[in-house]
Amino acid sequence: SQPIKTAFTITPKADRISAAEREELLKAPGFGRVFSEHMAVVTYTEGKGWHTPEILPRQPLQLDPAASVLHYAQEIFEGMKAYRSPTGEPLLFRPDANARRFRRSAERMAMAQVPEELFLDAVKQLVKIDADWIPAPEVGTLYIRPFMIATEVALGVKPSAEYKFIVIACAAGDYFSKDAGPVTVWVEENTVRASRGGTGEAKCGGNYAASLTAQQEAKENGCHQVLFLDASERKWIEEMGGMNIVAALDDGSLLTPPLKGTILHGITRDSLLTLARSQGLTVREEPYAIDQLYADIASGRLRELFACGTAAVVTPIGTLKTSKGEHVISKETGAVTASLRQALCDMQFGRTHDTQGWVHTV
Ligand code: PLP
Ligand code: COI
């Protein structure tokens, strides 16, 4: 697709919510329920490329019931955040990495490619117009959800000739409730999330739809999240429903599954591993068998286990649960988990010097 040259047309919402009402909503926003007032929309038409970039008041979409996304799930998304700096300025964290991953997801799903500059421009324009929706740093962030849907009116199974690239945003507090402490994770033994050659590496909606029965089972068993195993041997840990997983071992090293096509290339994962390496920690990206992990919990070799992702940030895992019983790691947040979380958040919120070129102003 050709790069777009047009600037965004901006139509501000006429009846914007009052500052007092917004402040009320931003006190305890939870996750994914309190939306900002605008959205970015860009249209793709085969032969014409990307066109009509708009910032509009957030509103329902008009879709033909035969739009191909509704039938064959040609859909991808991203998750990223805007952070409020100590001087009140909106900051983005590695937005270029989200733009690149969005391109890779599009490629896997045979969708049009959104040029990186267009992706970044759409995100920045939305954050600018809705900057007031970024909660105070002690409350949270503005979670940004860029996504693309196939809109061609056609029931033939083929890549769509038309797409919409849309960006919406919502205020985000903690993904997991704070007082819960370390979370409990269900080790999924029935369904799998992704297999070799599948779509595990792409951030497409279908992966999440396929994870929901496991998530439901997890909830029924008193767990917050699911840990998936590999599809072929059901032996190796892969990732969770919406986050990557990392273990901290007694020799001071970190261990996490390698990126081999079935798990998402998490930007939080990459950032934490980079920070850990820069602090002199040994980081190993190696297959980790679930039975070995249980044995390491029992022997004390595994000291800490945590989930990491944009929504989850860095969340300690206290217990793994299966149909056969529980493996308790700790009821407290471990020191390595806490210090990595602190280092990452200090950078994201602009509280420490950005040594990596990761923090972007809007
Ligand atoms: N794995 C899955 C399945 C996810 O949905 C996410 C969240 O985006 C992650 C991992 C972590 O990725 P990131 O750190 O880029 O948010
Ligand atoms: C994210 O962390 O951005 C995710 O996509 C996880 C979940 C909210 C789907």
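**Figure 1. Contacts of Leu305 in a predicted model.** Leu305 touches Ile245, Ala247, Ile317 and Ile329, leaving aside residues up to four places away in sequence. The model shown here and in the other views is predicted. Leu305 belongs to strand S16. Its count of 28 C-beta neighbours inside 10 Å makes Leu305 buried, because the threshold is 20 or more. Leu305 and Thr319 are 14 residues apart along the chain. Their C-alpha atoms are separated by 9.1 Å.

**Figure 2. Overall fold.** The protein has nine helices and 19 strands. Its radius of gyration is 21 Å, close to the 21 Å given by the globule rule for 362 residues, so the protein is as compact as a globular protein of that length. The C-alpha trace spans about 60 × 50 × 35 Å along the principal axes. Of the 362 residues, 43% count as buried. Take the contacts between residues at least 6 apart in sequence: 72% of them join residues at least 24 apart.

**Figure 3. Helix H8 and the strands it packs against.** H8 covers residues 290-299. Its buried residues are Ile290, Leu293 and Asp296. These residues cover an arc of only 115° around the axis, which puts them on the same side of H8. An α-helix has 3.6 residues a turn, so residues three or four places apart point the same way. The other side of H8 carries the exposed residues Asp291, Ala298 and Ser299. The buried residues of H8 pack against four strands: S10, S11, S12 and S16. S16 runs from 302 to 309. Gly300 follows H8, with a positive phi near 90°.

**Figure 4. Strand S10 between its pairing partners.** S10 spans residues 183-187. Four of its five residues are buried, so the strand is mostly covered. S10 pairs with S17 (residues 313-322) in the parallel sense, over four bridges. S10 also runs parallel to S11 (residues 225-229), joined to it by three bridges. Val185 has a bridge partner in each of these strands: Leu320 in S17, and Gln225 in S11.

**Figure 5. Arg234 in the loop after S11.** Arg234 sits in the loop between S11 and strand S12 (237-240). Its phi is positive, about 55°, although Arg234 is not a glycine. Arg234 has 13 C-beta neighbours inside 10 Å and therefore counts as partly exposed.

**Figure 6. Pairing of S1, S3 and S4.** S4 covers residues 49-57. Strand S3 (residues 38-45) pairs with S4 in the antiparallel sense over seven bridges. Thr45 stands opposite Gly49 of S4. The hairpin of S3 and S4 has three residues between the strands. In this hairpin, Gly47 takes a positive phi near 90°. Strand S1 (residues 9-10) pairs with S4 in the parallel sense, over two bridges. Here Thr9 stands opposite Glu54.

**Figure 7. Thr52 within S4.** Thr52 lies in strand S4. Its phi is near 50°, a positive value in a residue other than glycine. With 15 C-beta neighbours inside 10 Å, Thr52 counts as partly exposed.

**Figure 8. The shell around ligand 1.** Ligand 1 is surrounded by Gly79, Glu239, Gly242, Met243, Asn244, Leu264, Gly266, Ile267, Thr268, Arg269, Gly309 and Thr310. Helix H7 (residues 267-278) gives the largest share of this shell, three residues. By class, the shell has three nonpolar, seven polar and two charged residues.

**Figure 9. The shell around ligand 2.** The residues around ligand 2 are Gly79, Gly242, Gly309, Thr310 and Ala311. One residue of this shell is nonpolar and four are polar. No charged residue takes part. Gly79, Gly242, Gly309 and Thr310 also belong to the shell around ligand 1.

Conventions:
Residues are numbered from 1 along each chain as its sequence is written. Chains are lettered from A and ligands numbered from 1 in the order in which they are written. This is a predicted model: local features need pLDDT of at least 70, side-chain atom pairs count only at pLDDT 80 or more; totals for chains, interfaces and linings use all residues. The radius of gyration is taken over C-alpha atoms; the globule rule is 2.2 Å times the number of residues to the power 0.38. A residue is buried if 20 or more other C-beta atoms lie within 10 Å of its own, exposed if 12 or fewer, and partly exposed in between; C-beta atoms are placed from the backbone. Two residues are in contact if their C-beta atoms, placed from the backbone, lie within 7 Å. A residue is near a molecule or strand if its C-beta atom, placed from the backbone, lies within 6 Å of it. Ala, Val, Leu, Ile, Met, Phe, Trp, Tyr, Cys and Pro count as nonpolar, Asp, Glu, Lys and Arg as charged, and the others, Gly among them, as polar. Two strands pair if DSSP finds at least two bridges between them. The arc is that of the directions from the helix axis to the C-beta atoms.
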